[in-house]
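Let's walk through this one together, starting with a helix pair and ending at a single side chain. Have the viewer open as you read.

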Amino acid sequence: MKKSLFAAIALTVIAAPSLACEKPQNKPAIPDPTTAVTAQMVKSNNEVKAYVKATEEYLSCSGMSSSDVRKAEDELRAYADAFNKTIREFKKLNS
């Protein structure tokens, strides 16, 4: 009885990190700054931040090779930079 309980606990401990390490599925769309409204930009900003954080967490636990992680980080950085450019353009157009 004790052995089966220990085995069940050990399996749970080992499997738990792999269950928590899931790749984010949907990259939020970046709105057009020339037609977006403030509420849309705020919503998009929150979605992008959440996506970036989830992707960073995934990369830290994914077990990917270091070159694959660097490539994914570069892609994530380019995505975040594109969004930041959109925010700057939106602010410029609406100030």
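A quick word on naming before anything else: a helix here is a DSSP run of H or I at least four residues long, and helices are numbered from the N terminus. By that rule, Asn84 sits in helix α3. Keep in mind that this is a predicted model.

Now pull up α3, residues 66-93, alongside α2, residues 38-61. Their axes come within 11 Å and cross at roughly 165°. Anything over 145 degrees counts as roughly antiparallel, so that is what α2 and α3 are to each other. The crossing itself is left-handed.

What do the two helices touch each other with? On the α2 side, the list includes Met41, Val48, Tyr51 and Leu59, and on the α3 side they face a set including Leu76, Tyr79, Phe83 and Phe90. Sorted by class, this contact has 12 nonpolar, five polar and two charged residues.

Stay with α2 for a moment. Its buried residues are Met41, Ser44, Val48, Tyr51, Val52, Thr55, Tyr58 and Leu59, and α3 is part of what covers them. An α-helix has 3.6 residues a turn, so residues three or four places apart point the same way. As a sanity check on geometry, the 24 residues of α2 should span 34 Å at 1.5 Å a residue, and the end C-alpha atoms are 35 Å apart, which agrees. Just past α2, Gly63 adopts a positive phi of about 80°.

Back to Asn84, then: buried or exposed? Its relative accessible area is 37%, so Asn84 counts as partly exposed. Its C-alpha atom is 9.1 Å from that of Asn45, 39 residues away along the chain.

Terms used:
Residues numbered from 1 in each chain as written. Predicted model: local features only at pLDDT ≥ 70, side-chain atom pairs only at ≥ 80, totals over all residues. Heavy atoms only, no water. Axes fitted to C-alpha atoms, helices over the stretch in contact; angles between N-to-C directions. Parallel < 35°, antiparallel > 145°, perpendicular 65-115°, else oblique. Left-handed = near helix turned anticlockwise from the far one by under 90°. Contact = heavy atoms within 4.5 Å. Nonpolar A, V, L, I, M, F, W, Y, C, P; charged D, E, K, R; others polar. Expected span 1.5 Å × (residues − 1). Buried < 20%, exposed > 50% of the residue type's maximum accessible area, 1.4 Å probe, protein only.
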